[in-house]
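Hi! Here are my notes from going through your model. Have it open beside you as you read.

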Amino acid sequence: LEKLYTIRHVLLTGSGAAALLIILKALRELSPKREVVVPAYTAGILVAVIIQAGLRPVICDISLDDFNADRDKFLNAVTADTLAVLLVYMFGIPWHDLTSVCARLPSGVFTIGDCAQAAGSMAAGRPVGIFCDVNFFSFGRGKNFPLYNGGALGINRPELVGPLNRMRLDAASGLFLSAKIFLQNAMFVLAGNPRVYAYAHPFIAGVKDFKISQVISTRAMSGFQQRLGARLCGRQSEFFLNRLRRGKYLLQALRGLSGVRTAEVKENIQPVFMRFPVMFADPKRKAQVQFRLWEAGIESRPLYTRPLHFKYDSGYSAGDFPNAEYLAPRLLTLPVHEKIGQRELDVMVEVIRESV
């Protein structure tokens, strides 16, 4: 992370959620403010972490152009009680105008970059991890740099180094946890093979855990994960470049296709896609494409089936965030990891074209 993002201070954690929890706890000690702005369509665990930190989530709607937070609504959600804003780079797609958006925020509002899906992504020729006061990363399954578990936080503001370093990390477990992570990694890599997935997808879909943890542990990254990460570090540029190339291929192949919509990608950004998002005008078409891709051994799936205000009783109602509510049932994400070759990419494009 220090080399990739020119971040001078990095802390390794047991998960991306643990990194965010540590950040929020530290920021809470620096300010009496209690609100954190978060987009309506993102990982539900972010709200769980905000609540566990003793803070209040303030939700804003998204844009259907790039599936990230709508910039104006994001900025309008900031109040006098805003402690921090979460800049979430969905699917690995950063805002093209990150610097100007951050500059429009009032003084005293901390910026937190959610790089969980965006390791390796660039905006205006700079890594996404250097734009915010503090950033967190996830190395969980399916991420751009996957260790099945693990996370990190990177600090860009020197005055935050002391408060964050004082946050206590729980000790990582020993041999049992390492063995468990090793087996999980092996199964995850095997399941990513299209030939395996074609036969195993009913079982895999049945055992995947979509339950949101309500209590997040702030444990440190295990020694096994650190060693695994060190071994893979030399290949991270290869991982990122291949994901970028696969995503660009799908962008070009699906551009202008009636009945589907892909995210707008500005010329000055390079998104290292965690997964490639496609929004269907007709949810039934989406379901048909998903099933056909499953049969072809390609693990297509929605990312989050509901927006945040449908998952938590946070004082919002149906209709408050229409774009997020529209996107959730219509979105399908396609894999772009290292097991996906040109044949699989062509199958994705063919199936989508035939279905819409």
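The points below cover the cysteines, one strand and one arginine.

1. Before anything else, keep in mind that this is a predicted model, where local features need pLDDT of at least 70 and side-chain atom pairs count only at pLDDT 80 or more, while totals for chains, interfaces and linings use all residues. Residues are numbered from 1 along each chain as its sequence is written, and side-chain values use heavy atoms, with hydrogens and water left out.

2. How many disulfides does a search of the whole structure find? Zero, taking a disulfide as a pair of cysteine sulfur atoms within 2.5 Å. For cysteine 102, the closest cysteine sulfur belongs to cysteine 132, and at 4.7 Å that is too far for a bond. Cysteine 115 is in no disulfide either: its nearest cysteine sulfur, again in cysteine 132, is 7.0 Å away.

3. Are these two cysteines buried or exposed? Buried means under 20% relative accessible area, exposed over 50%, and partly exposed in between (1.4 Å probe, protein chains only). Cysteine 102 counts as buried because its relative accessibility is 18%. Cysteine 115 is buried too, with a relative accessible area of 1%.

4. Now look at strand 2, residues 35-39 (helices, H or I with at least four residues, and strands, E with at least two, are DSSP runs numbered from the N terminus). Five of its five residues are buried, so strand 2 is largely enclosed by the rest of the structure. Glu35, Val37 and Pro39 point one way, Val36 and Val38 the other.

5. What does strand 2 pair with? Two strands pair if DSSP finds at least two bridges between them. Strand 2 runs parallel to strand 3 (residues 56-60), joined by five bridges, and valine 38 has isoleucine 59 as its bridge partner there. To get from strand 2 to strand 3, the chain goes through helix 3 (residues 45-52), in a right-handed β-α-β crossover; right-handed means that, with the strands pointing away from the viewer, the path from the first strand over the helix to the second runs clockwise. Strand 2 is also parallel to strand 4 (residues 82-88), with three bridges, and valine 36 stands opposite alanine 84.

6. Finally, find arginine 275 in strand 12 (residues 275-280). Arginine 275 counts as buried, at 5% relative accessibility. Its contacts (heavy atoms within 4.5 Å), not counting residues up to four places away in sequence, include Phe91, Leu303 and Val336. Its side chain makes a polar contact of 2.6 Å with the side chain of threonine 333. A polar contact is a pair of N or O atoms within 3.5 Å; within protein, one must be able to donate a hydrogen and the other to accept it, and residues adjacent in sequence count only if both atoms are side-chain atoms. A polar atom of the arginine 275 side chain also lies 2.7 Å from the backbone oxygen of glutamate 299.
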